[in-house]
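Colleague: I'm new to this one and would like a close look at a single part of it. Could you walk me through the place where the first helix meets its partner, and then show me how that spot fits into the rest?

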Amino acid sequence: MRDFFFDLVDVLELVFLDPLRYSEEVQEIPFAASPASSWMFSILSALSLSVGMSILSAPYTISTLSFLFFGFIANLILFRFFPFFYALVADYYVQKKGRSQKLLFLLMFSRHSVVLFLLFAPVSIVIHAVGLSGLGSGLFLLITFVFLYSLVVSRGLKSIYELKNRDSLKFSFYALGLTILFPFLMNLYTATSILQSISGGL
């Protein structure tokens, strides 16, 4: 258990504090190298996002449970597919810059970076406490977190591919725009979100 905790802290440190060492050290951390790490981060982040949206969508009724469930499923689908397409598009642009392919590291970094959304529920609690709630507040907060996620991934791009700040930011936001427009991903997320909305209105 202690080793797991240290590995978890090491992964978080590499992603948020020292991404320059990510591609060199991530394979040396057993937890980070296993698929279990990205699944755990995706599940916890999806739950946090679902809980946060529910907190900002008062009043709370018995249907809030189904709202949470469908929201969790929708967000988990998003967190599993979104980093994959994001990394794929970003790697394509980076290779056009003459860099060698490092898609595996970028995909791992993108999937580990979704742990940022763990902060969504706590921030939602604070926002609700100061009197801001409703669907508009939830969407604004979600857009803010997606923007922050893109900034985190841009730091990973810079370190993994040894890019300039300007190029890493440009490629990261290019990837964000194209991934959001990707039909399969967004249709899947929208369809599940519709189920979430229906369940919340029952």
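**Around the first helix**

Modeller: Let's start with aspartate 18, which is partly exposed, with a relative accessible area of 23%. Keep in mind that this is a predicted model. Aspartate 18 sits in the loop between H1 and helix H2 (22-25). Follow the chain for 137 residues from there and you get to arginine 155, yet the C-alpha atoms of the two are separated by 9.3 Å.

Just before that loop comes phenylalanine 16, which is still in helix H1. Its relative accessible area is 27%, so phenylalanine 16 counts as partly exposed. Leaving out neighbours within four places in sequence, phenylalanine 16 is in contact with Ser113, Val115, Leu116, Val152 and Arg155. Take valine 152 from that list: it is 136 residues away from phenylalanine 16 in sequence, but 7.2 Å away in space, C-alpha to C-alpha. And yes, arginine 155 has turned up again, this time as a direct contact of phenylalanine 16.

Now for the meeting place you asked about. H1 packs against H6 at an angle of about 100°, and their axes are 10 Å apart. Angles of 65 to 115 degrees count as roughly perpendicular, so that is how H1 stands to H6. On the H1 side, the contact is made by Val11, Leu14, Val15 and Phe16. On the H6 side, Phe109, His112 and Ser113 do the job. Sorted by class, this contact has five nonpolar residues, two polar ones and no charged ones.

Histidine 112 is worth a stop of its own. It belongs to helix H6 and is buried, with a relative accessible area of 1%. Not counting residues up to four places away in sequence, histidine 112 touches Val11 and Val15, both of which are on the H1 side of the helix contact. The other residues that histidine 112 touches are Tyr22, Val26, Ala32, Ser37, Ser38 and Phe41. Tryptophan 39 is 73 residues from histidine 112 in sequence, and their C-alpha atoms are 9.1 Å apart in space.

Back on H1, look at aspartate 7, which also lies in that helix. Aspartate 7 has a relative accessible area of 16%, so it counts as buried. Sequence neighbours up to four places away aside, aspartate 7 touches Ile29, Pro30 and Phe31.

So much for the close-up; here is the wider setting. The protein chain has 10 helices and zero strands. Of its 202 residues, 46% are buried. Among contacts with a separation of 6 or more, 75% are between residues 24 or more positions apart. The chain exposes about 10,500 Å², with carbon and sulfur atoms supplying 72% of that.

Inside, the largest nonpolar core has 47 residues, and those with the most contacts within it are Tyr22, Tyr149 and Leu157. Both helices of our close-up, H1 (2-17) and H6 (103-113), are among the elements that give two or more residues to this core. Helix H5 gives the most, with 10 residues. You have already met Tyr22 as one of the residues touched by histidine 112.

Tyr149 leads back to H6 as well. Leaving aside neighbours within four places in sequence, tyrosine 149 is in contact with Ser110 and Ser113, and also with Phe82, Pro83, Tyr86, Val114, Leu116 and Phe117. Ser113 and Leu116 were in the contact list of phenylalanine 16 too.

Leu157, for its part, is touched by serine 172, whose place is in helix H9. Serine 172 is buried, with a relative accessible area of 0%. Its contacts, with residues up to four places away left out, also include Tyr86, Ser150, Val153 and Ser154.

One last stop, in the loop between H8 and H9, is glutamate 162. With 61% relative accessibility, glutamate 162 counts as exposed. Most residues other than glycine have a negative phi. Glutamate 162, though, has a positive phi, near 55°.

Definitions and conventions. Residues are numbered from 1 along each chain as its sequence is written. This is a predicted model: local features need pLDDT of at least 70, side-chain atom pairs count only at pLDDT 80 or more; totals for chains, interfaces and linings use all residues. Side-chain values use heavy atoms; hydrogens and water are left out. Helices (H or I, at least four residues) and strands (E, at least two) are DSSP runs, numbered from the N terminus. Buried means under 20% relative accessible area, exposed over 50%, partly exposed in between (1.4 Å probe, protein chains only). Contact means heavy atoms within 4.5 Å. Accessible areas come from the Shrake-Rupley method with a 1.4 Å probe; for residues, only the protein chains shown count as cover. A nonpolar core is a set of buried Ala, Val, Leu, Ile, Met, Phe, Trp, Tyr and Cys residues joined through side-chain atoms within 4.5 Å. Axes are lines fitted to C-alpha atoms, for helices over the stretch in contact, and angles run from 0 to 180 degrees between N-to-C directions. Angles under 35 degrees count as roughly parallel, over 145 as roughly antiparallel, 65 to 115 as roughly perpendicular and the rest as oblique. Ala, Val, Leu, Ile, Met, Phe, Trp, Tyr, Cys and Pro count as nonpolar, Asp, Glu, Lys and Arg as charged, and the others, Gly among them, as polar.
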